[in-house]
Amino acid sequence: MKKTTFKFLICLLLVFNCKSDDSIVTMTSIPVVLNDNVVVYENGIYDAYTLFSPLGSKNTYLINNEGFIVNKWESETPALISYLNNNGDLVRALRQSSTSFGAGSTGAVEILDFEGNQLWFWEYNTSDYVLHHDLELLPNGNLLVTVWENKTVDEAIAKGRNPSLLFENKVWPCKILEIKPLANNQADVVWEWSVWDHLIQDYDVSKENFGIISEHPELIDINFSSGDANFNHVNSIEYIEELDQIILSSRVFNEFWIIDHSTNTSEAASHTGGNNNKGGDLLYRWGNPQAYNSGTSSDQRLFGQHDVTWIGNTINQGGNFLIFNNTRFPSQSSVDEVLIPQSLNGTYSLLPNTLNLPETYAWSFNDESIYSSRLSGAKRLANGNTLITVGQAGTLIEVNELGNIVWQYKNPIEGNSGIFKIDKYEKNHPAFEGRILDPLPYNIE
């Protein structure tokens, strides 16, 4: 039911001691007090807490389904994205103001305990490299982080970059680091993978990596771009624990890529080794076969997408990956689920000169309420619902399997209400063990 306010329930508002602009709805005959920012509140909402870092704030918030803050972390720096670990520590990708790179740069990571005390701060931000966009918490306590490397004109041309695509006189290939946080704000890099080691080009036969691009879909075309230095723009990272694989979303290529994490760093820079014996080459790619010179524009399925996540083959509609497809339609985004052909042991068949399956989506949700050309995300929840972040608007939506909106929350910050992406944490999550999460007398600011 939509959020409603009934005059004859004013007495109940007083009983629940809520603000005058809060509302009460009745679900299964039990009055529920709602914060004014909750727009939709229906039966079937996933019983969990929502974590988000507004782009217009230095704070991170944990709210309940009724929209009230149950924990608040204050910081000196805004975060692009935040995650909770099992200890209840908050891991934040910080938006450093001084960077030589473009929008999406972060530059540092901090870890705060549940009470807001800073446990760890690590900066990785120079003129040669910078952290950007996303990070991923690994089961062993390490972090996967996305990095831009700065490559010079000479380095790019040696790799076969077309000089006409160097109008910024530099190239920023993406790199993935696995870091182990150490005491005294230090970190060890224990594994790495770089786009730079897995390139192909058909521009200059005398240069490195020359080949027929359509025959090597496992490699990345260094000239597939409009000339921006940020030529692949990885904007999300996801780890598949059961397969020891990593999913990357490339906004420029309009694809997601799957790589092997079971390699060591030397193997990750090569074309052999690891569980799949393909080193750091792409195990699979999907969304835009034009990126490896196959198919046409009519075969493109992803459009500036964000937040590609693994959902397995349990509670879903028959797919195993979920994507926020930002510009699939002229003025409307979609959330799409795809079923990638995968063997039981987690290997894929990436074939040359083909479109590579699937050619369509297993399930989709599109609605005029979810358009966002940038930012945004989608998560499959344990009850089968889908959590959607409409990034630019700062609107959070939960839909059920039928595509009905059961929960909607609007970030109240005016002027800069954007949110990169969010997640929900079930109430019995280890992070909340022994903690009382009652509503707090704070406002989002």
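Here are some notes on one sheet and a set of salt bridges in this structure.

1. Before anything else, keep in mind that you are looking at a predicted model.

2. Start with the sheet. Five strands make it up, in the order β3-β28-β27-β26-β25, and the sheet is open, with antiparallel pairing. At its edges sit β3 (38-41) and β25 (377-380), each of which pairs on one side only. Going from one strand to the next, the twist averages 15°.

3. Now zoom in on the β25 edge. Strand β25 runs antiparallel to β26 (residues 386-390), and four bridges join the two. If you want a residue to look for, try Lys379: its bridge partner in β26 is Leu387.

4. Lys379 is worth a second look for its side chain. That side chain meets the one of Asp307 in a salt bridge, at 3.5 Å from N to O. The two partners come from distant parts of the chain: Lys379 belongs to strand β25 and Asp307 to strand β21 (residues 306-310), 72 residues apart. Are they buried or exposed? Both Lys379 and Asp307 are buried.

5. That pair also has company. A network of salt bridges links Asp134, Asp307, Lys379 and Lys421, so try displaying these four residues together when you view the model.

6. Another sheet strand, β27, brings in Glu398. This residue forms a salt bridge with Lys424, and the closest N and O atoms are 2.7 Å apart. Because Glu398 lies in strand β27 (residues 395-399) and Lys424 in strand β29 (residues 423-426), the pair ties together parts that are 26 residues apart in sequence. Both ends count as buried, since that takes a relative accessible area under 20%: Glu398 has 0% and Lys424 has 6%.

7. Which residue does Arg285 meet in a salt bridge? The partner is Glu255, with 2.9 Å from N to O between the side chains. Arg285 is part of strand β20 (residues 284-286) and Glu255 is part of strand β19 (residues 255-260), so this pair ties together parts that are 30 residues apart in sequence. Arg285 and Glu255 are both buried.

8. Finally, how many salt bridges are there? The count comes to 15. Those described above include Arg285 with Glu255, Lys379 with Asp307 and Glu398 with Lys424.

Methods. Residues are numbered from 1 along each chain as its sequence is written. This is a predicted model: local features need pLDDT of at least 70, side-chain atom pairs count only at pLDDT 80 or more; totals for chains, interfaces and linings use all residues. Side-chain values use heavy atoms; hydrogens and water are left out. Two strands pair if DSSP finds at least two bridges between them. Axes are lines fitted to C-alpha atoms, for helices over the stretch in contact, and angles run from 0 to 180 degrees between N-to-C directions. Buried means under 20% relative accessible area, exposed over 50%, partly exposed in between (1.4 Å probe, protein chains only).
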